[in-house]
Structure formats: structure tokens, C-alpha cells
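Work through the exercises below with the sequence and the model side by side. Try each task before reading its solution.

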Amino acid sequence: MPTNSSTLSSSTLSTSESAKPWAQWVMIAIAIGYLALVLLLPAVNVFYQALAKGVGPFLTHFAEADMQTAIGLTLFVAFIVVPLNTVFGLFAAWAIARHPFRGKPIVISILDLPFSISPVVAGLMMVLLYGQQGWLSPILQFINFKVIFAVPGIVLATAFVTLPFVAREVIPVLEEVGTDEEEAARTLGANNWQIFWNVTLPNIRWGLLYGVLLTNARAMGEFGAVSVVAGNIARKTQTLSLFVEDSYKQYATGAAFSASVLLGALGLLTLILKEILERKTHRKTA
Amino acid sequence: MAIAPSLSWRQPLGYLGKISLPWRVTIGYLAWMLVLPIVALFGKAITAQPSEFWRIATSPIALSAYEVTFVTALGSALVNGLFGTLIAWVLVRYSFPGKRLIDAIVDLPFALPTAVAGLTLATVYSPKGWIGGLLAPFGVKIAFTRVGVAIAMLFISLPFVVRTVQPVLSEMERELEEAAWSLGASKIQTFLRVTLPPLLPAILTGVALGFSRAVGEYGSTVMIASNTPFKDLIAPVLIFQQLEQYNIVGATVIGTVLLLISFVLLLLINLLQAWGRRYAN
């Protein structure tokens with residue numbers, strides 16, 4: 001069959017379908033209705049509840065010291081974890097994508113483990129490793145370094161749950177780009193660093209940014225794993241997510257929703273940037 | 001920072017003897033961040049006597065928590081298998097105003113922190129909330145019941161099905177469906193016999209990914225549930241409560257059970273993806 005006739009017939013197909021448009025519209029209505037119930041109404045509700053009593057009360061919550069400390073800690077954790085996992089992700093993606101070896105699917109599965117391990121179990125692992133009766137506690141006590149119920153524990157737990165994102169986004173891009181340009185650069189006398197900086201990095205930049213974006217969203221929003229290791233001491237180990245839960249538990253719904261607006265805005269910004277990056281890379285993946 | 005040359009032309013033994021820097025960083029970081037914590041969990045779990053392990057792992061409260069977790073997660077994942085496929089279908093096959101926006105919104109559960117999801121779902125589905133308020137006069141309670149847990153699980157597992165089905169559906173050759181129609185098959189026959197079989201691995205992969213995520217979910221579920229044992233207490237919350245009571249062994253045992261189940265699910269997902277690739281080729 002020539003390609004011309006296939007495009008022709010698929011256009012006749014869509015006209016034959018639009019002869020019965022009601023079935024289409026019913027399906028579209030069901031899809032949108034379901035998304036509204038499960039995703040859209042809850043998302044709109046965050047902003048509605050935060051602003052229901054007016055902008056003034058909404059803004060006063062940001063003047064509270066606990067909220068400001070929570071914002072600071074959330075930014076601090078992301079500031080440490082995102083670069084750490086970006087560098088690791090680049091190394092891991094390079095190691096996995098650029099070297100043919102037999103156990104590749106197994107290594108990728110291991111890398112994916114943090115996606116399937118419950119965040120609470122991840123937090124529990126950190127307690128068992130760094131906690132008071134943990135394996136590393138003799139060393140930690142010797143150097144007088146507190147991990148669990150302190151900021152280092154939050155950093156470690158967040159690094160655990162966000163570990164795969166960058167590598168997972170960069171591996172397919174590296175594989176797709178191939179090694180031709182890198183080898184050309186090498187024959188022209190470029191050293192490893194020059195090859196990486198001038199050839200590889202520009203090729204993978206959108207995939208890398210996408211991975212960094214996902215890492216950052218998860219790092220700033222992580223709750224389960226952080227909740228286990230933080231001990232939730234206000235003004236010391238309370239991230240924004242923990243602040244939301246704590247305020248809600250204490251019936252300070254206004255404060256909870258005000259903090260949620262910040263995290264919700266982070267989510268929306270992530271979605272928008274994600275759309276832009278997806279258009280840059282011409283792809284649509286989860 | 002040195003980047004190793006592509007080693008494809010070298011003898012495999014050559015690079016086993018001389019591990020490159022990227023591999024050293026990868027192995028080192030994975031060993032410290034990922035393997036060591038998992039070993040610590042198993043190490044702690046085997047310090048419990050096997051009989052003690054079994055007693056805690058199968059205690060009535062744990063069994064009830066598994067039941068609530070797995071049955072609710074499976075139900076939610078299956079419901080999303082249906083609606084997720086429908087949403088993917090609508091997004092790929094039909095055009096309508098606002099389609100791009102709807103497409104972007106599907107990813108919301110990946111981007112919205114789970115504590116916020118839990119807070120807003122608990123509010124919307126509470127007896128005073130937008131949706132809960134409509135159902136309250138009929139005596140239907142959602143927030144602080146097991147149905148609420150299911151709603152939170154629906155929220156977090158929805159994108160998985162849509163995003164695994166969508167690419168398969170958009171690459172599908174529509175000529176096959178036309179051929180079936182021209183041979184006299186009805187629309188339903190065409191869907192069941194021609195369209196659905198190649199989609200099935202993707203749908204099941206999405207359901208398994210969603211199920212796996214829902215089983216481990218903590219943030220959104222802990223806030224919409226009342227966390228009452230034997231009623232709507234899920235396994236991750238049980239682990240958390242055990243830790244709060246300084247019952248490290250109890251938390252470790254149930255955590256190990258959950259971890260082993262995640263391993264099994266990961267294996268299942270890999271098998272489903274391999275099955276899907278066979279269809280693609």
C-alpha cells in the first residue's frame with residue numbers, strides 16, 4: 001500500500017468517526033469528569049482554601065517564624081541533594097549508557113529501586129543505619145555527629161528517594177545520541193573533559209534539565225521518608241511538607257493551606273517547565 | 001573529572017581490571033546510598049528469631065494492615081487501569097478544546113507533594129468539603145475511612161497508566177483497525193480483537209506501577225485516613241507508628257515484608273515490560 005493512500009484512508013476514518021460524535025463526546029466527558037474529581041478539584045481547592053479568608057490572613061502566615069524556618073530548611077535540603085544526585089546521575093548514566101555489558105537491565109533495576117521502595121521503609125533504613133542503635137552509630141557518636149532527628153538525616157533520606165531521576169532521564173538520551181560525535185572530537189584531539197563539556201553536555205542538556213527538575217520537585221516535596229527521620233521538631237527539623245501535616249494535625253488549617261500554596265506553586269511550576277522541556281525534546285514520557 | 005573513552009572496542013577483561021571513574025563513582029554511591037541501607041534493614045531483620053519474625057509479620061494488626069493496603073491499592077490500580085486507558089484513548093484519538101491542558105494535568109500527582117495532596121483530598125472529601133459535602137446527606141463518608149485511602153491511592157497512581165498506554169496507543173497503526181472494519185468486524189469486535197491485545201501489556205504495566213506506588217504511599221494516605229487499626233490502617237502507617245513507639249524490631253519486620261513485596265512487584269513490572277517490547281517488535 002503506498003503511503004499516500006494510508007494518510008487518505010485515516011482521514012476518511014476520522015470523518016466516519018465524527019459521524020457519531022456523541023460517543024466521542026461522552027468519552028471525553030467521562031475522562032474530564034474523572035480527572036476533575038480526582039485531580040483538578042483537589043488542586044483548585046488548595047488555592048481556594050488558602051485565600052478563602054482573604055489575602056491578608058494568607059500573607060500573615062508567611063510572617064510566622066516556624067513557616068520561615070520550614071521554607072529555609074526545604075530550600076537548604078534541595079540545595080544539597082539536587083547537585084549531589086545530579087553529579088551522581090551523570091556519572092551513572094555515562095557508566096551505564098556508554099559501556100556495553102551483560103547485566104545492564106539488572107543494574108537499571110537496582111537504580112530504580114528507590115521508586116518502588118515505600119518512603120517510610122526508606123526512612124526506616126536510615127534509622128537502622130544512622131540511628132542510636134544503628135550500625136554506624138559508634139562512628140557517629142565518636143565524631144559527635146547527629147544524623148537521625150537532625151538535618152543530615154533529612155538530606156540522606158531525600159537523597160535516597162530522589163536518587164534515580166537524573167540517571168533515568170539521561171540514559172535514554174545518551175543512548176539515542178550515540179558516540180559518533182564524541183569519537184570525532186577524540187580523533188581531533190579533545191581530552192575527556194573537553195569532550196564532556198563541549199560535545200556530550202550540549203547533546204543531553206534537555207534530558208538532564210528534565211531529570212534535575214524532577215529531582216528538585218521530589219526533594220522539596222518529599223514527606224514519608226523525611227517524616228521518619230526528622231522527628232518533626234518545629235524550627236529545627238521541620239520541612240514545608242512536615243509543616244503542612246503538623247499544622248493540619250493541630251487544626252491550624254490556615255497555616256497548612258498557606259504552606260500548601262507554596263508547595264502547590266512549586267508543583268505547577270514543575271508541570272509548566274516539564275511541558276516546555278518535553279516540547280524541546282519532542283517526546284512524551286512519564 | 002575524567003570521562004572514560006567508549007570501551008566497546010576493548011577486551012571485556014581489560015575494563016574489568018581497570019574500572020573507570022564513572023563506574024567507581026556509580027558503584028560507590030549506589031553502595032553507600034542504596035545497598036548499605038537495604039543491607040541494614042535485612043541485617044536487623046535476621047537478628048530477630050525466625051519464630052519471632054513470623055509472629056510479628058503475621059500478627060492480627062499486621063495482617064489487617066496488609067489487607068487494607070493491598071486490597072485497596074489493587075482496587076485503585078484497577079479502577080485507574082480502566083479510567084487511565086480511557087483518558088489515554090481520548091488524548092490520543094480525539095481532539096477537543098483544552099486538550100493540551102488536560103494532558104499536562106495528568107502529571108499533577110508526580111509534581112504535587114504528597115502532603116499537599118493528602119491535605120486537599122482530606123478537605124475536599126470531608127463531610128464539609130466540595131465533594132464530601134454532596135455525599136454526606138446520603139450517609140456516605142469518604143475522608144477518614146477506607147474509601148478515603150482508596151481516593152488518595154487513585155490520585156497518586158493515575159499518571160502511571162495514562163503515561164504507559166499513551167505512547168503505545170499513538171504509535172499503533174490504525175490501518176489494522178480499518179482492515180478489521182473492512183472485513184466486517186463491528187466496532188466492539190475491532191476494539192477487543194485488534195486494538196486491545198497490543199495495549200494490554202502497557203495497561204498491565206501501568207496498573208502494576210500504580211499498584212506498587214499505592215502500596216508504598218504514605219503522605220497522602222496518612223492524612224486522609226483516620227489510621228485506626230483494623231479499619232483503615234495501612235502498612236506504611238503501621239511501620240511509622242511502631243517507630244514512634246520505639247518498637248524498632250516491629251517496624252523492621254513489617255518493613256522487610258513490604259520491601260520483599262516491592263522486589264516481587266519490580267520483577268513483575270520488568271516481565272510485563274519485556275512482554276510489551278515483544279509486541280513492539
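A salt bridge is a side-chain nitrogen of Lys or Arg within 4 Å of a carboxyl oxygen of Asp or Glu. By that rule, the structure holds 14 salt bridges over all chains. The model is predicted.

**Exercise 1. Confidence**

Task: Find the mean pLDDT of chain A and of chain B, and locate the stretches where pLDDT is below 50.

Solution.
- Step 1. Chain A averages a pLDDT of 88, and 91% of its residues score at least 70.
- Step 2. Residues 1-19 of chain A fall below 50. Beyond near neighbours in sequence, that stretch has 13 contacts in the model.
- Step 3. For chain B the mean is 89, with 93% of residues at 70 or more.
- Step 4. In chain B, pLDDT stays under 50 over residues 1-13. The model gives this stretch 25 contacts beyond four places in sequence.
- Step 5. For the model, ipTM is 0.89 and pTM is 0.89.

**Exercise 2. The fold of chain B**

Task: Describe chain B by its helices and strands, its box, its burial and its contacts.

Solution.
- Step 1. Count the elements: chain B has 14 helices and zero strands.
- Step 2. Take the C-alpha atoms along the principal axes. They fill a box of roughly 75 × 65 × 35 Å.
- Step 3. Turn to burial. Of the 281 residues in chain B, 56% are buried.
- Step 4. Take the contacts in chain B between residues at least 6 apart in sequence. Of these, 73% join residues at least 24 apart.

**Exercise 3. The interface**

Task: Characterise the interface between chain B and chain A by contacts, buried area and polar pairs.

Solution.
- Step 1. Count the residues: 95 of chain B are in contact with 90 of chain A.
- Step 2. The size of an interface is often given as the accessible area lost when the parts come together. Here the buried area is about 8,800 Å². Carbon and sulfur atoms give 77% of that area.
- Step 3. Twelve residue pairs are in polar contact across the interface, both residues at pLDDT 80 or more.
- Step 4. Ask which element gives the most to the side of chain B that touches chain A. The answer is helix 2 (residues 21-47) of chain B, with 18 residues.
- Step 5. Sort that side of chain B by residue type. It divides into 69 nonpolar, 17 polar and nine charged residues.

**Exercise 4. Two residues with contacts in both chains**

Task: For Asn80(B) and Ser241(A), give the helix, the burial and the contacts.

Solution.
- Step 1. Asn80(B) lies in helix 4 (residues 60-93) of chain B. Its relative accessible area is 0%, and the cut-off for buried is under 20%, so Asn80(B) is buried.
- Step 2. Leave aside neighbours within four places in sequence. Asn80(B) then contacts Tyr34(A) and several chain B residues, including Met153(B), Ser157(B) and Val161(B).
- Step 3. The side chains of Asn80(B) and Tyr34(A) are joined by a polar contact of 2.6 Å.
- Step 4. Ser241(A) sits in helix 13 (residues 240-249) of chain A. Ser241(A) counts as buried because its relative accessibility is 0%.
- Step 5. Not counting residues up to four places away, Ser241(A) touches Pro113(B) and Ala115(B), and, among others, Met220(A), Phe223(A) and Leu263(A).

**Exercise 5. Salt bridges within chain A**

Task: Place the pairs Arg98(A)–Glu182(A) and Glu275(A)–Arg279(A), and decide whether each residue is buried or partly exposed.

Solution.
- Step 1. Arg98(A) and Glu182(A) form a salt bridge, with the closest N and O atoms 2.9 Å apart.
- Step 2. This pair links distant parts of the chain, 84 residues apart. Arg98(A) is in the loop between helix 4 (65-97) and helix 5 (104-116), and Glu182(A) is in helix 10 (residues 180-187).
- Step 3. Arg98(A) is buried at 6% relative accessibility. Glu182(A) is buried at 8%.
- Step 4. Glu275(A) and Arg279(A) meet at 3.8 Å, N to O. Both lie in helix 14 of chain A, four residues apart, about one turn of the helix.
- Step 5. Glu275(A) is buried at 12%, whereas Arg279(A) is partly exposed at 47%.

**Exercise 6. Salt bridges between the chains**

Task: How many salt bridges join chain B and chain A, and which network includes Lys274(A)?

Solution.
- Step 1. The count between the chains is two.
- Step 2. The side chains of Lys274(A) and Asp107(B) meet in a salt bridge at 3.2 Å, N to O. Both residues are buried.
- Step 3. Lys274(A), Asp103(B), Asp107(B) and Arg163(B) are linked in a network of salt bridges.

Key. Residues numbered from 1 in each chain as written. Chains lettered and ligands numbered in written order. Heavy atoms only, no water. pLDDT = per-residue confidence, 0-100. Contact = heavy atoms within 4.5 Å. Helix = DSSP H or I, 4+ residues; strand = E, 2+ residues; numbered from the N terminus. Buried < 20%, exposed > 50% of the residue type's maximum accessible area, 1.4 Å probe, protein only. Polar contact = N/O pair within 3.5 Å; in protein donor to acceptor, adjacent residues only side chain to side chain. Buried area = accessible area lost by both parts, 1.4 Å probe. Nonpolar A, V, L, I, M, F, W, Y, C, P; charged D, E, K, R; others polar.
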